[in-house]
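Please look over the sequence and the structure below before reading on. The paragraphs that follow lead through selected parts of the model.

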Amino acid sequence: MSDTHQHSYQDSFQDSYQICHQYDLSHLNTMALRCVADTAIIIHDADALPKLELGDSWFVLSGGSNVLLPSRLDTTVILPRMMGKRIIDETDEYILLEVMAGENWHELVTHCTHQGWYGLENLALIPGLAGAAPVQNIGAYGVQLEDALECVQVYEWATGEFHTLSRDDCQFRYRHSIFKDEPNRYLITAITLRLHKNPTITRTGYGDLHAHALSLAHDDNREIIRPLDVYQAVIAIRESKLPNPAILPNCGSFFQNPVIPTEQFLALQSSYPTIPSYPVSDDETKVPAGWLIDQSGLKGKGIEPILTHAKQALVLTNHAPLTATQDDIKVAANHIISTVHDKFGITLVREPVWVNADGSYI
């Protein structure tokens, strides 16, 4: 459904932005939670940002793929929909590509991979828009956004100025960034990616990705895995395990993969020899949250209408779209957290952003 059909009435329209009231966000979040915003401002051009007159609170909603919305947002919602991408530098080895915040992430990955610009292929089929990617430092199959990010263009609300933040400025770590530490300080207007052109460089060390990608290479009578093989393998794996939010509402991975002391992991391994793991350092080890939930007997279960997915326990699905609420999600999530903690002594941490009625979030 297009933006023009989502609001009750439109107060004003300019080429660079639209202001709408009583704006229905129910179809703009992949968990399909019913939500109406007091006011929504749809941004088509970043130059409009200094013109906006905002109150004391507001909330920026990108693609709606990693948020849990309340039934009502008594504040102004900013919808960045700036479109476009451009090459700002290019050599024989790499390309610098500026991408506006409103671009669809998976379509961007597809475009770049088929253009021969590599580095994003492991991040295929992640829902959402490009502007939200740095907030969560999105990652999948051994790659995080920071691996390909050059810089981020932002608008600072307090000063009314535009800035460029380097990768270091963004303070990236696992599923985290300065944009989560300092919410509503910045609005991301664009990102710049450094992508390489070497078709022999791939990253396939995560899970069963190498086997899937190698099978695709063999189908083409090759022994060398190419980035396009990785792209296609990631899509095939994700589609086999993860539900399409357009069919079964969900917001992707609901829990972060916990990083625990290696000493604790070794103790668990003595009791559960098959527990998967990914070394983070000599002192820390990452374990898959989905495996912990599955081993706790919760795959395909939960507390209705919120259940873990039958094929991937890490994903919480909404079986009552436009009826289920944040409270339903809290009850189901707390049940899963307590069950896993009782069995393994590990406390799972929620990944999607929890939005309050005033626009604040955690």
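Where is the place of Tyr206? Tyr206 sits in the loop between strand S13 (186-196) and H4. The model is a predicted one. With a relative accessibility of 24%, Tyr206 counts as partly exposed, because the partly exposed class lies between the limits of 20% and 50%. Along the sequence, Tyr206 and Gly142 are 64 residues apart, but their C-alpha atoms are 5.4 Å apart in space. Leaving aside neighbours within four places in sequence, Tyr206 is in contact with Tyr141, Gly142, Asn257 and Tyr278.

The loop that holds Tyr206 leads to H4, and the packing of this helix can be considered next. Two packed helices are described by the angle between their axes and the distance between the axes. Helix H4 (residues 209-219) packs with helix H5 (residues 227-241) at an angle of about 120°, and their axes are 8 Å apart. That angle makes H4 oblique to H5, because the range counted as roughly perpendicular ends at 115 degrees and the roughly antiparallel range begins only over 145. The crossing in which H4 passes H5 is right-handed. On the side of H4, the contact is made by Leu209, His212, Ala213, Leu216 and Ala217; on the side of H5, Asp229, Val230, Gln232, Ala233, Val234 and Ile237 take part.

H5 has a second partner to consider, helix H1 (residues 105-115). The axes of H1 and H5 come within 10 Å and cross at roughly 155°. H1 is therefore roughly antiparallel to H5. H1 passes H5 in a left-handed crossing. Here the contact involves His106, Val109, Thr110, Thr113 and His114 of H1, together with Pro227, Leu228, Tyr231 and Ile235 of H5.

Within H5, one residue deserves a separate look: Val230. Is Val230 buried or exposed? Its relative accessibility is 0%, so Val230 counts as buried. Val230 and Thr204 are 26 residues apart along the chain, and their C-alpha atoms are separated by 7.3 Å. Not counting residues up to four places away in sequence, Val230 touches Glu121, Asn122, Thr202, Arg203, Thr204, Leu209, Ala213 and Ile225.

Helix H8 (residues 326-344) can be considered by its length and by its sides. At 1.5 Å a residue, its 19 residues should span 27 Å, and the end C-alpha atoms are 27 Å apart, which agrees. The buried residues of H8 are Gln326, Ile329, Ala332, Ala333, Ile336, Val340 and Phe344. They cover an arc of only 135° around the axis, which puts them on the same side of H8. The face turned away from that buried side carries the exposed residues Asp327 and Asp342. Just after H8 comes Gly345, with a positive phi of about 70°.

Some further backbone features lie in loops. Leu125, in the loop between H1 and helix H2 (133-136), has a phi near 65°, a positive value in a residue other than glycine. At 27% relative accessibility, Leu125 counts as partly exposed. Asn137 lies in the loop between H2 and strand S9 (139-140) and has a positive phi of about 45°, although it is not a glycine. Asn137 counts as buried, at 0% relative accessibility. Finally, the peptide bond from Glu304 to Pro305 is cis, with omega near 10°; Pro305 is placed in the loop between strand S18 (302-303) and strand S19 (306-308).

Note on methods: Residues are numbered from 1 along each chain as its sequence is written. This is a predicted model: local features need pLDDT of at least 70, side-chain atom pairs count only at pLDDT 80 or more; totals for chains, interfaces and linings use all residues. Side-chain values use heavy atoms; hydrogens and water are left out. Helices (H or I, at least four residues) and strands (E, at least two) are DSSP runs, numbered from the N terminus. The expected span of a helix is 1.5 Å times one less than its number of residues. Buried means under 20% relative accessible area, exposed over 50%, partly exposed in between (1.4 Å probe, protein chains only). The arc is that of the directions from the helix axis to the C-beta atoms. Axes are lines fitted to C-alpha atoms, for helices over the stretch in contact, and angles run from 0 to 180 degrees between N-to-C directions. Angles under 35 degrees count as roughly parallel, over 145 as roughly antiparallel, 65 to 115 as roughly perpendicular and the rest as oblique. A crossing is left-handed if the near helix is turned anticlockwise from the far one by less than a right angle, and right-handed if clockwise. Contact means heavy atoms within 4.5 Å.
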